[in-house]
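Good morning, and thank you for making time for this presentation. I shall go from the overall fold to a handful of individual residues.

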Amino acid sequence: MSDLQTPVATLSAQAETELEAGRALQALVHLEHALAAWPEQSSLIVMRGRALRMLGRLHEAIDCHSKALTVDPRAAMAYAERARVRQELGEEEAALADYQAAVALAPDRHDWLLALAVLLADRGHRDAAREALLRAGALGAPSEHVRFLLASLGAVPPPPALPGDYVRTLFDAYAPRFERHLTRRLHYRAPQYLADAVLPLLGTRRWQIVDLGCGTGLMGGLLRPSAERLEGVDLSAGMIAQARARGLYDSLHVGDLVAFLHARSQRYDVCIAADVFVYLGDLAPVFAALRAALRPEGIAAFTVEALDEGEYRLQPTRRYAHSRRYVEALALAHGFAPSGITRRVLRRDGGSDVSGYVAVFRRRPTMRR
Ligand SMILES: C[S@@+](CC[C@H](N)C(=O)[O-])C[C@H]1O[C@@H](n2cnc3c(N)ncnc32)[C@H](O)[C@@H]1O
């Protein structure tokens, strides 16, 4: 059978398979054929919009979803997809309106309710955000997810870390535009500050280094010249794929950094984490893992967002902040000596500076009381 005779339903299923596998270009080919035969089919137009979003063609994606809505004004999926694109474009007010329309048409979609709650919280509509979260919970949204979002609103006590699924999904979706967004829009400086603090300690020798929560590899680029072997670990396969494309790392692993470190006893001279511990509240398990994976005199270096009182707090930004006193006390308790903590502006967020600590510790050869 030639492509032109292939039933639309088959082409649409093939496009869906390609989209699920992240092959947006191949999906577009199937969709162009299907739309040639059935140009007014809103679900096909929405799928085309999804493919265009995945390819970073965001304005074309918006046009697609708007067209789907002229064809079928009740196409809830078109609203939700357009909301997602608008969010990526930083058009939060328009994204909020689209999610509200999507949820009004499909009130049982708890995933859209969660997305709506996040936008409501970010726009300062805390009561409406809480209500959306409670509705999402009642409809079966993952309870861990609902609980941590409620905690970010101060409605319940915070969990010790953000749910791994949340972090993974967030960064898988963010991966293609992460660097552009962080370096251009948010003036992200954490890797450079860490490099400034650590590289002078490394001299001209080359070391065994691991980049924890390596993301797309911004930190790895700065560490490579000092590394005999450079490894990276990250929860998000999407971020790891970007890091792999850079060709900087000797090995890359998808997984949780704490479990990863425990499986690699005394392997590293340097463990470094740029803007990663903001997704972990209780850092005691992290310090225990750093102690296990570092060689005697090895270096642990990381950034955290600054908290002026208490130990750690889940902020409305859904990131944790840690106090200097908390970090220092934990380091001491786990056999680390301070090698320098400085306060810096790590990046911008919502028009304000985000202040944090660039912390460097050395692992003592033995634990001291
Ligand atoms: C803001 S990005 C920073 C990426 C990179 N370090 C940089 O500076 O460009 C945070 C990264 O930490 C990863 N991450 C968060 N929690 C993690 C965990 N428990 N284990 C491994 N990776 C984690 C995320 O998937 C994400 O890629």
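Let me begin with a definition: helices and strands here are DSSP runs, of at least four residues for a helix and at least two for a strand, and they are numbered from the N terminus. With that convention, H334 can be placed in the loop between α17, residues 324-333, and β8, residues 336-349. I shall return to that residue shortly. Please keep in mind throughout that this is a predicted model.

First, the chain as a whole. It contains 17 helices and nine strands. Its radius of gyration is 23 Å, close to the 21 Å that the globule rule gives for 369 residues, so the chain is as compact as a globular protein of that length. Along the principal axes, the C-alpha trace spans about 70 × 50 × 35 Å.

Of the 369 residues, 51% are buried. Among contacts with a separation of 6 or more, 59% are accounted for by residues 24 or more positions apart. The exposed area is about 16900 Å², and carbon and sulfur atoms supply 51% of it. As for charge, the chain has 46 positive and 42 negative charges, and their mean positions are 6 Å apart.

Next, the cysteines. How many disulfides does a search of the whole structure find? The search finds zero. C271 is an example: the nearest cysteine sulfur belongs to C214 and is 13 Å away. A disulfide would need the two sulfur atoms within 2.5 Å, so C271 is in none. C271 is buried, with a relative accessible area of 1%. C64 is also buried, at 6%.

I now return to H334. Is this loop residue buried or exposed? H334 has a relative accessible area of 17%, and because buried means under 20%, it counts as buried. Leaving aside neighbours within four places in sequence, H334 is in contact with A284, F287, A288, R291 and M367.

Helix α16 covers residues 284-293, and A292 lies in it. A292 is partly exposed, with a relative accessible area of 24%. Which residues does A292 touch, not counting those up to four places away in sequence? They are H262, R264, S265 and Q266. There is also a distance to record for A292 and R363: they are 71 residues apart in sequence, and their C-alpha atoms are 9.8 Å apart in space.

Finally, I turn to backbone geometry. Most residues other than glycine have a negative phi. Two residues deserve a look in that light. Phi of E297 is near 75°, a positive value in a residue other than glycine. E297 lies in strand β5, residues 294-307, and counts as partly exposed at 43% relative accessibility.

The second is R318, where phi is near 70°, again positive in a residue other than glycine. Where is R318 found? It is in the loop between β6, residues 312-314, and β7, residues 320-323. R318 is buried, with a relative accessible area of 9%.

To close, I would leave you with two points. The predicted chain is as compact as a globular protein of its length, and a search of the whole structure finds zero disulfides. Thank you for your attention.

Technical notes
Residues are numbered from 1 along each chain as its sequence is written. This is a predicted model: local features need pLDDT of at least 70, side-chain atom pairs count only at pLDDT 80 or more; totals for chains, interfaces and linings use all residues. Side-chain values use heavy atoms; hydrogens and water are left out. The radius of gyration is taken over C-alpha atoms; the globule rule is 2.2 Å times the number of residues to the power 0.38. Buried means under 20% relative accessible area, exposed over 50%, partly exposed in between (1.4 Å probe, protein chains only). Contact means heavy atoms within 4.5 Å. Accessible areas come from the Shrake-Rupley method with a 1.4 Å probe; for residues, only the protein chains shown count as cover. Lys and Arg count as positive and Asp and Glu as negative; His and the chain ends are not counted. The place of a charge is taken as NZ of Lys, CZ of Arg, CG of Asp or CD of Glu.
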